[in-house]
Amino acid sequence: SEDSLIIRGATADHATTSAGKLMIQTAQVGVTDGDILGRIDFNAPVESSGTDAILVGASIYAEADNTFAADNNQTELVFATGASEAATEQMRIASDGKIGINTATPTSLLDVRGTVQVGVDGTGHDVKFFGDTAGSYMLWDEDEDALHLTDSSPIKIGDGDDMHIYHDGTNSYIKNAVGALKIATEDSGVAVSIGHTTSETTIND
């Protein structure tokens with residue numbers, strides 16, 4: 001139709017050439033870091049409001065991440081969006097596969113510079129982090145509104161891992177390596193009780 005572009009492969013049954021391909025190329029003979037190899041812009045140039053309304057609202061472009069050479073074509077893919085201005089970068093896939101959100105230089109596989117939210121108030125989701133040891137993980141269970149750690153997966157507190165809290169499958173432990181372990185209240189006249197409700201030991205203020 002008049003408002004669509006269809007690209008169809010040349011052959012009916014082939015592993016690689018049966019798929020359609022869109023090729024965007026640059027005519028540069030010397031590509032350096034930051035050069036754009038190809039770009040797709042989205043905008044509404046005849047929007048009657050004019051001004052910001054006709055600026056590029058979103059872009060996807062390939063940007064060289066180094067000077068190209070016989071053994072190098074490092075390229076990053078950039079995603080840009082606009083609100084009341086020409087589209088600016090929001091997310092980038094680096095040449096080594098790292099993804100940066102709100103950063104052009106991601107330092108980990110997923111690098112988010114800003115607040116990360118899972119779910120909304122009253123409607124959450126499970127979040128699970130696995131450790132290096134098989135069967136070791138931390139789970140935020142949205143059904144129970146609780147954080148679970150598997151046996152022998154400690155909570156470590158302090159710059160030098162000074163305090164550990166964990167359960168080893170049989171017993172529960174609070175281990176303190178530096179300084180005194182203090183159990184206290186902030187206000188005077190408040191007692192601290194240890195034990196079950198039928199056999200408590202109360203330590204008075």
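This passage describes strand pairing, salt bridges, the surroundings of one threonine and aromatic contacts in a predicted model.

Strand E3, which spans residues 75-81, pairs with two other strands. Strand E2 (residues 56-64) and E3 run antiparallel and are joined by seven bridges, and within this pairing Ser59 stands opposite Ala80 of E3. Five bridges join E3 to strand E4 (residues 88-93), again in an antiparallel arrangement, with Leu77 having Ile93 of E4 as its bridge partner. The connection between E3 and E4 is a hairpin of six residues. The two faces of E3 can be told apart by their covering: Glu76, Val78 and Ala80 make up the covered face, whereas Thr75, Leu77, Phe79 and Thr81 lie on the uncovered one. Ala80, the residue opposite Ser59, thus belongs to the covered face, while Leu77, the partner of Ile93, belongs to the uncovered face.

Side chains of opposite charge can pair when their charged atoms come close. Six salt bridges are found in the structure. Arg39 and Asp41 meet through their side chains in one of these, with an N to O distance of 2.7 Å; Arg39 is partly exposed, at a relative accessible area of 41%, and Asp41 is likewise partly exposed, at 39%. In the salt bridge between Lys98 and Asp96, the closest N and O atoms are 2.8 Å apart, and here Lys98 is partly exposed at 23% relative accessibility, as is Asp96 with a relative accessible area of 49%. A salt bridge also links Asp111 to Arg113, with 2.8 Å between the closest N and O atoms. In this pair Asp111 is buried, since its relative accessibility is 7% and the limit for that class is under 20%, whereas Arg113 is partly exposed at 39%. Beyond these pairs, Glu63, Glu76, Glu89 and Arg92 are joined into one network by salt bridges that share partners. Of the network members, Glu76 lies on the covered face of E3.

Thr103 is located in the loop between strand E5 (99-101) and strand E6 (110-112). Its relative accessibility of 10% places Thr103 in the buried class. The side chain of Thr103 reaches the backbone nitrogen of Thr105 at a distance of 3.2 Å. When neighbours within four places in sequence are left aside, the residues in contact with Thr103 are Glu89, Arg92, Asp111 and Arg113. Two of these contacts, Asp111 and Arg113, form a salt bridge with each other, and the other two, Glu89 and Arg92, are members of the salt-bridge network.

Two aromatic pairs are found in a search of the whole structure. Tyr166 and Tyr173 form a stacked pair, in which the ring centres are 5.1 Å apart and the planes meet at 20°; the pair counts as stacked because the angle falls under 30 degrees. Tyr166 is buried, with a relative accessible area of 18%, while Tyr173 is partly exposed at 28% relative accessibility. The ring of Tyr173 also has a charged neighbour, as Lys175 lies over its face at 5.5 Å from the ring centre. A further arrangement of this kind involves Lys128, which lies over the face of Tyr137 at 4.1 Å from the ring centre.

Terms used. Residues numbered from 1 in each chain as written. Predicted model: local features only at pLDDT ≥ 70, side-chain atom pairs only at ≥ 80, totals over all residues. Heavy atoms only, no water. Phe/Tyr/Trp six-rings, centres within 6.5 Å; stacked < 30°, edge-to-face > 60°. Buried < 20%, exposed > 50% of the residue type's maximum accessible area, 1.4 Å probe, protein only. Lys NZ or Arg CZ within 6 Å of the ring centre and 35° of its normal. Helix = DSSP H or I, 4+ residues; strand = E, 2+ residues; numbered from the N terminus. Polar contact = N/O pair within 3.5 Å; in protein donor to acceptor, adjacent residues only side chain to side chain. Contact = heavy atoms within 4.5 Å. Salt bridge = Lys/Arg side-chain N within 4 Å of Asp/Glu carboxyl O. Pairing = 2+ DSSP bridges.
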